[in-house]
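Work through the three exercises below with the sequence and the model in view. Try each task before reading its solution.

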Amino acid sequence: MKEYLNQVKYYITDTLISFSEEEQLLIKETIAKAKNAYAPYSKFNVSAGVLFNKKEIITATNIENASYPIGTCAERNVLSYFLSNYPQAKINTIAVYAENQSGKLKQPITPCGMCRQALLEAENIQSTNIKVIMIGNTSNFLVVNKCAHLLPFAFDDSVL
Ligand code: THU
């Protein structure tokens, strides 16, 4: 058997000034909206923000349900809204933030597997990279320059 290596480039920073002004606004807006999460079961509030057309921002949160599997993640909620309303626009950056019952997470939140698949599809639709900023406490960021980096060996439409 031959051995291969699949490497991913990622960035870590602890300062907001590592980001453009628009991305700083995206980060602030995404953090501010976590309080709107409907997460009475997990008490884990997640917020995801999309920066598109270089300066426009939309956000969404996770929305849970008494029938647990019906709940949806913040990332897929914001992507659904984006794709439904701005089908021609291109996403520049997505930010993700979460708080648990004790407040801000020490480590940046990373999207769940299902959301990674959805992020990849959004990236493939627009044929340009989408940067992902994963936020821990407000001075603790993990960054990848494209969604595909979050999902090695991904399934996509090229095999259909
Ligand atoms: N959640 C998200 O919104 N995004 C993720 O990437 C991880 C998990 C939500 C789902 C559920 O409402 C809560 O966080 C706990 O899993």
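A residue is called buried under 20% relative accessible area, exposed over 50%, and partly exposed in between. The model used here is predicted.

**Exercise 1.** Classify Tyr38 as buried, partly exposed or exposed.

Solution. Step 1: the relative accessible area of Tyr38 is 43%. Step 2: partly exposed covers values between 20% and 50%, so Tyr38 is partly exposed. Step 3: locate Tyr38, which sits in the loop between α1 (21-32) and β2 (45-52). Step 4: Tyr38 joins Tyr41, Ile63 and Tyr68 in a nonpolar surface patch, with about 440 Å² of accessible area together.

**Exercise 2.** Compare the span of helix α3 (residues 113-126) with the expected value, then find where its buried residues lie.

Solution. Step 1: with 14 residues at 1.5 Å a residue, α3 should span 20 Å. Step 2: its end C-alpha atoms are 21 Å apart, which agrees. Step 3: list the buried residues of α3, namely Cys115, Arg116, Leu119, Leu120, Ala122, Glu123 and Gln126. Step 4: these cover an arc of only 160 degrees around the axis, so they are on the same side of α3. Step 5: they pack against α2 (74-85) and β4 (91-100). Step 6: the face turned away from the buried side carries the exposed residues Met114 and Ile125.

**Exercise 3.** What does the salt bridge between Lys131 and Glu23 tie together?

Solution. Step 1: the two side chains meet at 3.2 Å, N to O. Step 2: Lys131 lies in strand β6 (residues 131-135) and Glu23 in helix α1, so the pair ties together parts that are 108 residues apart in sequence. Step 3: both residues, Lys131 and Glu23, are buried.

Key. Residues numbered from 1 in each chain as written. Predicted model: local features only at pLDDT ≥ 70, side-chain atom pairs only at ≥ 80, totals over all residues. Heavy atoms only, no water. Patch = residues over 30% accessible without salt bridge, like charges linked within 9 Å, V, L, I, M, F, W, Y side chains within 5 Å. Areas by Shrake-Rupley, 256 points an atom, 1.4 Å probe, with all protein chains shown as cover. Salt bridge = Lys/Arg side-chain N within 4 Å of Asp/Glu carboxyl O. Helix = DSSP H or I, 4+ residues; strand = E, 2+ residues; numbered from the N terminus. Buried < 20%, exposed > 50% of the residue type's maximum accessible area, 1.4 Å probe, protein only. Expected span 1.5 Å × (residues − 1). Arc of directions from axis to C-beta. Contact = heavy atoms within 4.5 Å.
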